[in-house]
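Visitor: I would like to learn how to read a protein model feature by feature. Could you take me through one?

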Amino acid sequence: MAKKNVSVWTSIPFWRRSAAWVTGFAVMLLIWLSFDTLGQISMGTDEDLKAGTTKRVPAPTVINYNIDYKMDKKRGSEVPVIGAKEPFFGKEWSVEEAADLLHLGKLTSQAKNCMNCHTLLGNGAYFAPDLTKSWLDPMWSATGPMQAMTGKPTKEEAMAEFLINPSQYPTHARMMPNLGITAEEAVGLVAFLKHMSSIDTNGFPRNFSKTVDQFKVGGTNAR
Ligand code: HEC
């Protein structure tokens, strides 16, 4: 008797084997991707910074460097560019000091619940602007309005002053309330914001600089 010609597409063992192979492949891929992600998001070291090695999440001592935000044509988004050293609150912070300061900033951001109004790296509420790149917001730069408004000669001092007395500096239609932040906590928070701005977030938040261009002091753009 001639063997019946069964199509492979209707063969149950074929589908069983395929399912096993696809599952096995997906598991291997997931394991590989998990390790790759861990490598990508683990914090860099001070040595990386000194060697000019770009890490997605730089070491806390990145606060000792100038951070710029430049368009990367190939990636189609802006990326943080770590530049030359610059004093932060008038000094260079050691590895331990920078780590402690960042820790204080993180704890303060949790204690004062910045996420209640803002988003940090996309997490939080949408009442106030995303803070991921707030350090790079031109309004804090030497040519922006905030240094003059707060009467402070540097970006970090202007930001700290704003955080201590936000309701004194109405900049947008919506105002930030006074949260009882101490001078020490404000320094920690500014370090936290500066460090966060140095994280390569694949261009998140999208159109950050375009939104900033629309910003006008006393305007109605609450972002
Ligand atoms: C009750 C809501 C609220 C809370 C809580 C809050 N903010 Fe704000 N914040 C605002 C609003 C509204 C603005 C925009 C108004 C302005 O710029 O004057 C703002 C603006 C800012 C800006 C300027 C944004 C920029 O792009 O330059 C910074 C920086 C900032 N907040 C930091 C913080 C930090 C840090 C915390 C936590 C310690 C915090 N905020 C908690 C409402 C809040």
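Guide: Gladly. Keep in mind that this is a predicted model. Let us start with a single residue: F35 sits in helix α1.

Visitor: Is F35 buried or exposed, and why?

Guide: The idea is to count C-beta neighbours, and a residue with 12 or fewer within 10 Å is called exposed. F35 has 10 C-beta neighbours inside 10 Å, so it counts as exposed. Its C-alpha is separated by 26 Å from that of E78, which is 43 residues away along the chain.

Visitor: How many residues of α1 are buried?

Guide: The count is zero among its 30 residues, so to speak a helix that is hardly covered. Helix α1 runs over residues 12-41 and reaches 43 Å from its first C-alpha to its last, close to the 44 Å expected at 1.5 Å a residue.

Visitor: And how many residues of α6 are buried?

Guide: Here 13 of the 15 residues are buried, and α6 is mostly covered. This helix, residues 183-197, reaches 21 Å, close to the 21 Å expected for it.

Visitor: Which residues have the most contacts inside the largest nonpolar core?

Guide: They are M159, V190, A191 and L193, in a core of 27 residues. The elements giving two or more residues to this core are α3, α5 and α6, and α6 gives the most, with eight residues. Take A191 as an example: leaving out residues up to four places away in sequence, A191 touches I63, L101, L102 and G105.

Visitor: Let us turn to the ligand. Which residues come nearest to it?

Guide: Of the 27 residues around the ligand, the nearest are C114, C117, A128, T171 and M176. For the character of the shell, sort its residues by type: 16 are nonpolar, eight polar and three charged. Helices α3 (95-111), α5 (155-164) and α6 each supply at least two residues of this shell.

Visitor: How should I read the overall fold?

Guide: Begin with the inventory: the protein has seven helices and four strands. In sequence order the pattern is α-α-β-β-α-β-β-α-α-α-α. The radius of gyration is 24 Å, well over the 17 Å that the globule rule gives for 223 residues, so the protein is more spread out than a compact globule. Its C-alpha trace spans about 100 × 40 × 35 Å along the principal axes, and 25% of the 223 residues count as buried.

Visitor: What about contacts that link distant parts of the sequence?

Guide: Among contacts between residues at least 6 apart in sequence, 50% join residues at least 24 apart. For a single pair, look at F127 and R174: they are 47 residues apart in sequence, with their C-alpha atoms 8.6 Å apart in space. F127 lies in the loop between β4 (123-124) and α4 (146-150), and F127 is exposed, with 12 other C-beta atoms within 10 Å.

Visitor: Which backbone details deserve a look?

Guide: Most residues other than glycine have a negative phi, and most peptide bonds are trans. With that in mind, N113 has a positive phi, near 50°. N113 lies in the loop between α3 and β3 (119-120). N202 also has a positive phi, near 55°, and is found in the loop between α6 and α7.

Visitor: Where is P205, and what is the peptide bond from F204 to P205 like?

Guide: P205 is in the loop between α6 and α7 (208-213). The bond leading into P205 from F204 is cis, with omega near -5°.

Methods: Residues numbered from 1 in each chain as written. Predicted model: local features only at pLDDT ≥ 70, side-chain atom pairs only at ≥ 80, totals over all residues. Expected span 1.5 Å × (residues − 1). Buried ≥ 20, exposed ≤ 12 C-beta atoms within 10 Å, placed from the backbone. Near = placed C-beta within 6 Å. Nonpolar A, V, L, I, M, F, W, Y, C, P; charged D, E, K, R; others polar. Core = buried A, V, L, I, M, F, W, Y, C linked by C-beta atoms within 7 Å. Contact = placed C-beta atoms within 7 Å. Rg over C-alpha atoms; globule rule 2.2 N^0.38 Å.
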